[in-house]
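Colleague: I would like to take a close look at one part of a structure with you, and then follow it outwards into its surroundings. Please go slowly, as I am still learning how to read such a picture.

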Amino acid sequence: MPFNPLSILNGAVDATGAGGAIRNAIANASQKTGIDFNYLLGQAKLESGLNANAKAGTSSAAGLYQFVDQSWLRVVKAHGAENGLAWAANAISTGANGRATVADPIMKRAILALRNDPSAASLMAAEHASDNKDALESATGRTATGTDLYIAHFLGLGGARSFLTAMQANPDKSGAAMFPAAARANRGVFFNGDGSARSLSAIYSRFAAKLDQSAEGASAPATSGLAATRLGQWGADVIPGNAEDSTSDAAMWAQSTLQRLNGTSATQMASNSLLRPTPANARLAYMMLAQMGA
């Protein structure tokens, strides 16, 4: 069936159990960014169990890589345009305090819903890891490990710098004492079963072991380019680049969606020229085209 833009707005992406498509999305992200496939796969398994619709109960984290709202908006702002998500990147503003915002609430929902798309999530996770890798290597003076990158994803880059430098100086220091907010949201990471706080080195070692276990025996599937899986989880039967992916089809889908959302009559919709679309039409059509790789 054709791709429906409502799946973005409603966050209704059904990717549970689609292991092959998810692995392909991760492989494409690895190929594009140079970040190790096994690391990205292990991270996804740890974060969501390869469930693209996973949602945390204690934070805003969602999707395959469990990005919280702010982290997702910042990485999409930084890397969305180069990965076919210019419509999303252009809608995000960054304030002087570094906080990312989206003025249009419908657009914000659409951007955050992309966390549930394996292709978008994998690309942004890989870009995020690449940025963190460079920064951590500069800060520590050594090659960043997969565990270092996971710590940066988990705590943010600033938190990872603090964690790694503190661990070098005092590996027995309590992680919960350093990161109380993260510890409250992730008790299983920061505390033992008996309630005692884990040390920084113990947290690091557990992450390292879990990453190794998650990626054990994994190999990247053969890929035929980034576009091949871009719509793998969006209910589309066509592959981007086919003649069926016409811009007129995309525009018609955008118009049809708006008609259902706004209750506009067919006659009124016909009067909205595709050459001079309304702002809402333009937004949805552009979202559609961007996801199709047009």
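Which residues are buried in helix H4 (residues 69–79)?

Modeller: Before I answer, please keep in mind that this is a predicted model. In helix H4, which covers residues 69–79, the buried residues are Gln70, Trp72, Leu73, Val75, Val76 and His79. These buried residues of H4 are covered by several elements, including helix H5 (86–91), strand S1 (92–94), strand S2 (100–102), helix H6 (105–113) and H7.

Let us follow H7 among these covering elements. The axes of H4 and H7 come within 10 Å and cross at roughly 85°, and this angle makes H4 roughly perpendicular to H7, because values from 65 to 115 degrees are counted in that way. On the H4 side the contact is made by Trp72, Val75, Val76 and His79, while H7 brings Ala120, Ala121, Met124, Glu127, His128 and Asp131. Sorted by class, the residues of this contact of H4 with H7 are 6 nonpolar, 2 polar and 2 charged.

Trp72, which is buried in H4, also leads us to a wider picture. The largest nonpolar core has 60 residues, and Trp72 is listed with Ile26, Tyr65, Ile111, Phe163 and Phe190 as those with the most contacts inside this core. The element that gives the most to this core is H8, with 10 residues. Ile26, another residue of that list, is in contact with Phe37, Leu40, Leu41, Ala44, Leu50, Tyr65 and Ser122, once its neighbours within four places in sequence are left aside.

One of these partners, Leu50, brings us to the stretch of chain that comes before H4, since Leu50 is placed in the loop between helix H3 (37–48) and H4. Leu50 has a positive phi of about 60°, although this residue is not a glycine. Most residues other than glycine have a negative phi. Leu50 has a relative accessibility of 15% and therefore counts as buried, the cut-off for that word being under 20%. Gln66 is also found in the loop between H3 and H4, and its phi, near 50°, is likewise a positive value in a residue other than glycine. With a relative accessible area of 12%, Gln66 is buried.

Now we can return to H7 and ask how this helix meets H8, the element that gives the most to the core. H7 (residues 118–140) and H8 (residues 146–169) have axes that come within 10 Å and cross at roughly 30°, and the two helices are therefore roughly parallel to each other. H7 passes H8 in a left-handed crossing. The residues of H7 that meet H8 are His128, Ala129, Asn132, Lys133, Ala135, Leu136, Ala139 and Thr140, and on the side of H8 they find Asp148, Leu149, Ala152, His153, Leu157, Ala160, Arg161 and Leu164. Divided by class, this contact has 9 nonpolar, 4 polar and 3 charged residues. His128 deserves a second glance, for this residue of H7 is part of the contact with H4 and also part of the contact with H8.

Within that second contact, Asn132 of H7 makes a useful example. Asn132 counts as buried because its relative accessibility is 4%, and, not counting residues up to four places away in sequence, Asn132 touches Leu149, Ala152, His153 and Leu157.

H8 also meets H3, the helix at the other end of the loop that holds Leu50. The axes of H3 and H8 come within 11 Å and cross at roughly 45°, which makes H3 oblique to H8, and the crossing is right-handed. Here Tyr39, Gln43, Leu46 and Glu47 in H3 meet Gly146, Leu149, Tyr150 and His153 in H8, and these residues divide into 4 nonpolar, 3 polar and 1 charged. Leu149 and His153 of H8 thus appear in the contact with H3 as well as among the residues that Asn132 touches.

To set this part in its frame, the chain has 15 helices and 2 strands, and buried residues make up 45% of its 294 residues. Among contacts between residues at least 6 apart in sequence, 64% join residues at least 24 apart.

Technical notes:
Residues are numbered from 1 along each chain as its sequence is written. This is a predicted model: local features need pLDDT of at least 70, side-chain atom pairs count only at pLDDT 80 or more; totals for chains, interfaces and linings use all residues. Side-chain values use heavy atoms; hydrogens and water are left out. Axes are lines fitted to C-alpha atoms, for helices over the stretch in contact, and angles run from 0 to 180 degrees between N-to-C directions. Helices (H or I, at least four residues) and strands (E, at least two) are DSSP runs, numbered from the N terminus. Angles under 35 degrees count as roughly parallel, over 145 as roughly antiparallel, 65 to 115 as roughly perpendicular and the rest as oblique. A crossing is left-handed if the near helix is turned anticlockwise from the far one by less than a right angle, and right-handed if clockwise. Contact means heavy atoms within 4.5 Å. Ala, Val, Leu, Ile, Met, Phe, Trp, Tyr, Cys and Pro count as nonpolar, Asp, Glu, Lys and Arg as charged, and the others, Gly among them, as polar. A nonpolar core is a set of buried Ala, Val, Leu, Ile, Met, Phe, Trp, Tyr and Cys residues joined through side-chain atoms within 4.5 Å. Buried means under 20% relative accessible area, exposed over 50%, partly exposed in between (1.4 Å probe, protein chains only).
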